[in-house]
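Trainee: I would like to go through this model with you. Can we put it up and start with the packing?

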Amino acid sequence: MPHADTPAPDDAADDDLFFLDDGDGASSTDEPGTAPPGIGNRWKMLIVDDEPEVHSITKLVLSDFSYKGRPAHFISAHSAAEAREILARETDIAMILLDVVMETEDAGLQLVHHIREELKNRHVRIILRTGQPGQAPERAVILDYDINDYKAKTQLTAQQLFTTTVAALRSYEDIMAIEANRRGLEKIIEASSSLFQARSMKLFAAGVLTQLSGLLAVGPDAILCVQRGSVLGAASDGLYVLAGSGRFETVINEPACEHVEPAVLAAVVACLESHANQYAADHCTLYIRTPNDRENVVYLRSDRPLSDLDRELIEVFCGRISVGFDNLHLYEQLHRAQQGTLAALADLAERQRGGEPDWEGDGGPEDDGAGEESRFARSLRIATITERIARRLQEENRFPGLVDDAFLAIIGLAAVLHDVGNATVDPAILGKPGPLTEAERTAMQRHTIAGSLLLDRASRLAEGHTHLHLGAEVARWHHENWDGTGYPDRLGGESIPVAARIVAVADAYDAMTRDRPYRAALGHERAVAEIRKQAGSRFDPAVVDAFLIIAPDLAAS
């Protein structure tokens, strides 16, 4: 007995009616889960019908189908249940030719509901085919179900099937283009938000490379960002590597002409000279000019030509982040100006006495003969060591919630102010050539409290947690010891703020590696050994561990 959806023989008007005896001429596989070579470039079409002839005839009629140079790949399901399994693993099906009556009278309609409501797939185009229009009236189905076309099998000729298929694929292509644009713009917005949180040009530039590789779905290898002009104060008008990944990861801040192969360098120079993005089959160079006329170029290697959509997203992305380069440059200049101002304040405190307490904490003054420039440089040096230790602690996630990006942005400035309280100590005590009395030692140690109070008052003029707030903590407690024997409050262990623990190590290393009137500098190795020895007594062991990792870099600086 013929199936209810099979059209009556006298409905076949001519040879265009495709429900004829089939020959197995379909060029694409009928087996779900198997695919011919090059399937990624084919339109995936799912045929859902419990009549085998419908599958064969559909594939026969569309065996030579091609739209925009892409042929069809057919996947067959002979029930709604089988179709559900296929749809669960095949997420890029463009079109479904769907029967209504299969294992139940409304199996096809229930499958539509499953696709749209449970799978949340709004992209696939669904063409409903039925041999019994009365079973599923067209008007009711169109209103109640999210389908894209409704055809009675008795009306669907080969030409109509072709036209319906092209219309469905064209609609699917437009929807996917809109979706790709939406996702790309979302990525740009997310990238911009995360990038603009960066507080250093190096981190920002590295983030640009990471976000571009994610936006275009290409590997991070062989991506290079360069800047015309100087980097890190280098006096040169050449090209320098600003950020890199893959094989360029080791040449950051180096002259590009010495470390980048000629073909890549030529592409970068051509981009700079043209002041425009350049696209090739296996790479692109992106020109980013900031509002203040700073020029940047990103060289991006790709294993595929970039599509028009890729290029449009690149244009939007580069336009959006170009101002970021200027903002970061201005931020770094402001940060350096703050450092200079605070170092000058710290220098005033140092000049008032001409010396400083010994790092061992005995409170005795020691004239090291440091000139004005040396004292100024010392403050910046301690700030740099502090920042490096803090960054290492963050990388190791040693103090989650405490040592974060906001902490890293201000800890160096706070470190500069660690001894600002010296300005309040009696100059006679500060300048005394011999050992201090107990009363003088007590007065000397009060510089920690005085500096903290001074910075605490200043911090009240600013909203949020600034370097002044952190500086107040550092000034008061950077002479506390891990074992509780320090001053002024005899705090111990984790009750000492982490910023003060970090500065204590940086300050001690700096003091030990400078010449003193009564001894020469200990040297890098002896200073590191002494700090290692004091871990667990004077210093936080976790901070010392981080210091020991960055210590080799300090020896070379």
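Trainee: Leaving aside neighbours within four places in sequence, which residues is Ile-502 in contact with?

Mentor: This is a predicted model, where local features need pLDDT of at least 70, side-chain atom pairs count only at pLDDT 80 or more, and totals for chains, interfaces and linings use all residues. Residues are numbered from 1 along each chain as its sequence is written, and side-chain values use heavy atoms, with hydrogens and water left out. Contact means heavy atoms within 4.5 Å. With neighbours within four places set aside, the partners of Ile-502 are Thr-386, Ile-389, Ala-390, Leu-393, Phe-407 and Val-543.

Trainee: Which element gives the most residues to the largest nonpolar core?

Mentor: A nonpolar core is a set of buried Ala, Val, Leu, Ile, Met, Phe, Trp, Tyr and Cys residues joined through side-chain atoms within 4.5 Å. Buried means under 20% relative accessible area, with a 1.4 Å probe and protein chains only. The largest core has 39 residues, and Ile-502, Val-505 and Tyr-509 are among those with the most contacts inside it. Several elements give two or more residues, including α10 (372-395), α11 (405-416) and α18 (541-556), but the top contributor, with ten residues, is α16.

Trainee: How many residues does the second, separate core have?

Mentor: In soluble globular proteins, nonpolar side chains tend to be buried together. The second core includes Ala-80, Ile-96, Val-100 and Ile-147, and its residue count is 25.

Trainee: Strand β4 (residues 95-99): how many of its residues are buried?

Mentor: Helices (H or I, at least four residues) and strands (E, at least two) are DSSP runs, numbered from the N terminus. In a regular strand the side chains alternate between the two faces of the sheet. In β4, Met-95, Leu-97 and Asp-99 lie on one side and Ile-96 and Leu-98 on the other, all buried. The count for β4 is five of five.

Trainee: Which residue in β5 is the bridge partner of Leu-98?

Mentor: Two strands pair if DSSP finds at least two bridges between them. β4 pairs with β1 (residues 43-48) in the parallel sense over four bridges, and with β5 (residues 125-130), also parallel, over five. On the β5 side, Leu-98 is bridged to Leu-128.

Trainee: What share of the 557 residues in the protein chain counts as buried?

Mentor: The chain has 18 helices and 13 strands. Residues 24 or more positions apart account for 65% of its contacts with a separation of 6 or more. The buried share of the chain is 48%.

Technical notes:
Buried < 20%, exposed > 50% of the residue type's maximum accessible area, 1.4 Å probe, protein only.
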